[in-house]
Amino acid sequence: MTITNESIEPQKHKCENMELSDNSRSQYTIGSNDFILVDEIGEKPKKNMKEKFQEFSTFLNSNSKTMFTYKTIAKRLPILQWWPNYTSEDCIGDLLAGITVGLTLIPQSMAYSALAGLPPQQGLYGSFIGSLMYVFLGTCKEVPMGPTAIVSLMTYNTLHGLGPVYGTLLCFLTGIIQLFMGVVGLGFLIDFISGPVNSGFTSAVAILIVTSQIKDLIGIKAAGTTMSDMIMSISKDICNFKLGDTLFGLICIIVILLLRRIALCQIGPKDNNLRTKFQKCMNRFMWLIGTFRNSIVVIVGSYVSYLYISSEGHDVTSDDIPPIPFKVVGKIPSGLPAFGLPQFSVTYDNGTTTEFFEMVSKIGSGVIVLPIIGLIETISICKTFADGKPVDATQELLATGLCNIGNSFFHAYPGSGSFSRSAVTAASGVRTPMEGLYAGVLVIIALLFCTPYLYYIPKSSLAAIIIAAVIFMVEVRVVRPIYRSKKSDLIPGLATFFACLVLPLEIGVLIGIGLNLVSILYHAARPKLLIEVHKTRDGINYLMVTPDRCLVFPSVDYVRNLVMKHSLKRELPVVIDCSHIYGADFTAAKVIEMLTQDFSKRGQALFFFNLKPSVVAVFEGVQPKGFITFYHRHDLDHLFQRWKEQRRQIEDQQAD
């Protein structure tokens, strides 16, 4: 396609010699002094097989050269972009951020693993390899890879208590799907999840998570994947609640919220430069106390639990439940998990074997929805901290996918970037993705040397950590701006919210996406038409119809009916302004053919203004009669004059 003005004069000369009649095809394409876009159409020389093979070899050669350039490799290994300029200041900033995030990650990962219905150690297994790999593959320094609340609940709803083996397989399949999406460029699918749908989903998930943690908070047994199932299950065992777990859990929630509030407090003037050194140190100290709130609660709770168990003389190496007023995590395998591929088949004690495809069928549709939800979390964090820079969504897809695949080799369950930990990372002064290395090393140290002490962690304290983290995920504040901006956007948001509460999460998400697609298709099928009465320089009134988008098969009949309705009502010549029509299809061309025939039979003028040459080619493919286009408003007088002369000739012939 080129910009040219050479075709204007020949088109003028051609149009002056045209005969406008109902029985002959006519086209009026008078040019103007403005440039227009035309397609260069010409016959391509035929090539034999040898020439085609040489062309293909040249293509492979050039692609292979560009594929292995330093620029391309650095794009897929982002560490090569920032490592050459890494300084000691960067190292100190990343070290402090890594320690801070690591101390937050250890208790959170154990709590989220319990939320997923898996052993606590499986959350720790998914907290170090992904962090280490993201150092090399990630583009956003604020993204901390590991277990998250939303992905953990999705894992729980997907596995339905199938166990750690299925959790590891789910992690592997999630990584494969995410990697595949990154390789083939399917990241655009995430764009179909709008802001209101995402807010509705997140808010529903937060409420579901709080409901699911009530059982550990009050020390009862309960299960369920939907709100109604959870409430019914809790109500059946509510009479067996443990006062010790309830009091301990409520105290932990209050302490966590108070410490969170302390982290937000500031002493001294608002301008940091005007504060004294003491005020700055105190503000930093309060921020650290608030940031380490989860670790503080777990450490203090574990110490209290240790005192109780020691006073009772309980043997922690036995499998017996300690005789104390609240439940504890219990024994956790020490050391790092063994490296190995996920199990693609399971053999049970009775000798039966479940093969790979049967295992996948048991996992269900969650294996498709969960990778997308994980990607939404990670890319949303990248966009939040992008600071105006473009986000390489493809690289994030590849990074998240490879991190999950790596986690599956160490018996973890799916993870992604965490919103809560990303805020901690940013506030800790992180400089590069190297922060993930220090956080991952801290988790490894905990697995190697601290697992005997993890025995004493109260389960209610882990439930309190989750509840205190997710209650702020309920996005109530977003309702009013959506209502003020566009009320109809509340429909998919609220529908997603209630559907996720009542139905399985993956179904709720699909309902929200489906409503978004219906909205998109409706707007595509019902374009806005601006209809005005204009007057030419010669004083002729005509109807100007301006569609605001392309003509495709869902919308073309609607446009035709409106044009017919207003043209019959006003009985004026009609000009369709095609400035906003950048594409059309065969169905549109056939309807335009019918439209021109209808106007021709009634003896009513119909002209097309500023129609793109590529769209003209589509319409001409069906050879419509009476199809006239023009590209300058001054030419409209000439067109109406020729049309009047034609009508007068027809009337004279009919009178004779």
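Two strands pair if DSSP finds at least two bridges between them. Strands S10 and S11 are joined by 2 bridges, so they count as a pair. The model shown in every view is predicted.

**View 1. S10 and S11 run parallel in an open sheet of 5 strands.** The strand order is S7-S8-S9-S10-S11. Pairing across the sheet is mixed. S7 (529-535) and S11 (629-630) form the edges. Each of these two strands pairs on one side only. S11 runs parallel to S10. At this junction, Phe609 stands opposite Phe630 of S11.

**View 2. Asn610 has a positive phi in the loop after S10.** The loop lies between strand S10 (606-609) and helix H27 (613-620). Phi of Asn610 is about 60°, although the residue is not a glycine. How accessible is Asn610? Its relative accessible area is 23%, and Asn610 is therefore partly exposed.

**View 3. Glu571 also has a positive phi without being a glycine.** Here phi is near 55°. Glu571 sits in the loop that leads from H25 to strand S9 (574-577). Is Glu571 buried or exposed? The relative accessibility is 66%, over the 50% cut-off, so Glu571 counts as exposed.

**View 4. Asp598 and Arg560 form a salt bridge between two helices.** The N to O distance is 2.7 Å. Asp598 belongs to helix H26 (residues 586-602), and Arg560 to helix H25 (residues 553-570). The pair therefore ties together parts that are 38 residues apart in sequence. Asp598 is buried, with a relative accessible area of 18%. Arg560 is buried too, also at 18%. Both values fall under the 20% cut-off.

**View 5. Arg431 and Asp90 link distant parts of the chain.** Their side chains meet in a salt bridge of 3.1 Å, N to O. The two residues are 341 residues apart. Arg431 lies in the loop between helix H18 (419-427) and helix H19 (435-449). Asp90 lies in helix H5 (residues 88-115). Which parts of this salt bridge are buried or exposed? Arg431 is partly exposed, with a relative accessible area of 43%. Asp90 is buried, at 11%.

**View 6. Lys141 and Glu142 meet in a salt bridge.** The N to O distance is 3.1 Å. Lys141 is partly exposed, with a relative accessible area of 25%. Glu142 counts as buried, at 6% relative accessibility. How many salt bridges does a search of the whole structure find? The total is 5. Side chains of opposite charge can pair when their charged atoms come close.

**View 7. Pro120 lies in helix H6 (residues 120-125).** Pro120 counts as buried, with a relative accessibility of 18%. Which residues touch Pro120, leaving aside neighbours within four places in sequence? They are Met110, Ser113, Val329 and Ile332. Val329 is 209 residues from Pro120 in sequence. In space the two C-alpha atoms are 7.7 Å apart.

**View 8. Helix H9 has the highest confidence, with a mean pLDDT of 91.** H9 spans residues 164-184. What end-to-end length should its 21 residues give? At 1.5 Å a residue, the expected span is 30 Å. The end C-alpha atoms are 30 Å apart, which agrees. Gly185 follows H9 and has a positive phi, near 75°.

**View 9. Cys91 and Cys281 are both partly exposed.** Cys91 has a relative accessibility of 28%. For Cys281 the value is 45%. A search of the whole structure finds 0 disulfides.

**View 10. Confidence is lowest in strand S1 (residues 2-4).** The mean pLDDT of S1 is 33. Over residues 1-44 the pLDDT is below 50. Beyond near neighbours in sequence, this stretch has 79 contacts in the model. Where pLDDT is low, the predicted coordinates should not be read in detail. The mean over the protein is 80. Of its residues, 89% reach 70 or more.

Methods
Residues numbered from 1 in each chain as written. Heavy atoms only, no water. Salt bridge = Lys/Arg side-chain N within 4 Å of Asp/Glu carboxyl O. Helix = DSSP H or I, 4+ residues; strand = E, 2+ residues; numbered from the N terminus. Buried < 20%, exposed > 50% of the residue type's maximum accessible area, 1.4 Å probe, protein only. pLDDT = per-residue confidence, 0-100. Contact = heavy atoms within 4.5 Å. Disulfide = S-S within 2.5 Å. Expected span 1.5 Å × (residues − 1).
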